Amino acid sequence: HERTDGSGFPLKIHHAKITLLSSVLIVADHFISLMIDFKFDLKKKPEIMATLETIHSKGGMKKAYEALALILGD
């Protein structure tokens, strides 16, 4: 529930204090949430990835996003 910008719940910690493993979970969860919002329309994947890249652009979150992009071929 934590977010890159420190607006998350319950601790409101920012990216520098979130572990890499937690970052992977957060980015993956956000990806799935966006896929659900877009009803799993694969044509929307570039838009989803752009959103993730913008939001998760620091620290471990950036590394987690880059790993997801690599896995998905982006």
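L72 is found in helix α3 of a predicted model. This leucine is partly exposed, as its relative accessible area is 29%. Beyond its neighbours within four places in sequence, L72 is in contact with F31, K45 and M49. One of these partners, M49, lies 23 residues away from L72 along the chain, and the C-alpha atoms of the two are separated by 9.7 Å. The points below place L72 in the fold, then turn to each pair of helices and to the loop between α1 and α2.

**Overall fold and confidence**

- The secondary structure of the protein consists of three helices and zero strands.
- Read from the N terminus, the order of the elements is α-α-α.
- Of the 74 residues of the protein, 30% count as buried.
- Among contacts between residues at least 6 apart in sequence, 43% join residues at least 24 apart.
- The average pLDDT of the protein is 89, and 89% of the residues score at least 70.
- Among the elements, α2 has the highest mean pLDDT, at 96, and α1 has the lowest, at 94.
- Where pLDDT is low, the predicted coordinates should not be read in detail.

**Helix α2 and its two sides**

- Helix α2 covers residues 45–55, and I48, M49 and L52 are buried in it.
- Viewed down the axis of α2, the buried residues fall within an arc of 95 degrees, so they line one face of the helix.
- As a general principle, an α-helix has 3.6 residues a turn, so residues three or four places apart point the same way.
- On the other side of α2, P46 and T54 are exposed.
- The cover over the buried residues of α2 includes α1 (20–37) and α3 (59–72).

**Packing of α2 with α3**

- Two packed helices are described by the angle between their axes and the distance between the axes.
- The axes of α2 and α3 come within 10 Å, and they cross at roughly 160 degrees.
- The two helices are therefore roughly antiparallel to each other, given that angles over 145 degrees count as such.
- In passing α3, α2 makes a left-handed crossing.
- On the α2 side the residues that meet α3 are K45, M49, L52 and E53, and their counterparts in α3 are Y65, L68, A69 and L72.
- L72 thus appears in this list, and its own contacts include K45 and M49 of α2.

**Packing of α1 with α2**

- Helices α1 and α2 pack at an angle of about 145 degrees, and their axes are 10 Å apart.
- The crossing of these two helices is right-handed.
- From α1, the residues V27, H30, F31, L34 and M35 meet I48, M49, T51, L52 and I55 of α2.
- One of the α1 residues in this group, H30, is buried, with a relative accessible area of 17%.
- Apart from its neighbours within four places in sequence, H30 is in contact with L52, I55 and H56.
- The buried residues I48, M49 and L52 of α2 are among those that meet α1.

**Packing of α1 with α3**

- The axes of α1 and α3 come within 8 Å and cross at roughly 55 degrees.
- That angle makes α1 oblique to α3.
- In passing α3, α1 makes a right-handed crossing.
- The contact is formed by L20, S23, V24, I26, V27 and F31 of α1, together with G60, M61, K63, A64, Y65, L68 and L72 of α3.
- L72 and F31 both belong to this contact, and F31 is also among the residues in contact with L72 itself.

**The loop between α1 and α2**

- Most residues other than glycine have a negative phi, and most peptide bonds are trans.
- K39 lies in the loop between α1 and α2, and its phi is near 55 degrees, a positive value in a residue other than glycine.
- K39 is exposed, with a relative accessible area of 71%.
- F40 is also placed in the loop between α1 and α2, and it has a positive phi of about 55 degrees although it is not a glycine.
- F40 is exposed, with a relative accessible area of 51%, a value over the 50% that marks an exposed residue.

Terms used
Residues are numbered from 1 along each chain as its sequence is written. This is a predicted model: local features need pLDDT of at least 70, side-chain atom pairs count only at pLDDT 80 or more; totals for chains, interfaces and linings use all residues. Side-chain values use heavy atoms; hydrogens and water are left out. Buried means under 20% relative accessible area, exposed over 50%, partly exposed in between (1.4 Å probe, protein chains only). Helices (H or I, at least four residues) and strands (E, at least two) are DSSP runs, numbered from the N terminus. The arc is that of the directions from the helix axis to the C-beta atoms. Contact means heavy atoms within 4.5 Å. pLDDT is the predictor's confidence in each residue, from 0 to 100. Axes are lines fitted to C-alpha atoms, for helices over the stretch in contact, and angles run from 0 to 180 degrees between N-to-C directions. Angles under 35 degrees count as roughly parallel, over 145 as roughly antiparallel, 65 to 115 as roughly perpendicular and the rest as oblique. A crossing is left-handed if the near helix is turned anticlockwise from the far one by less than a right angle, and right-handed if clockwise.
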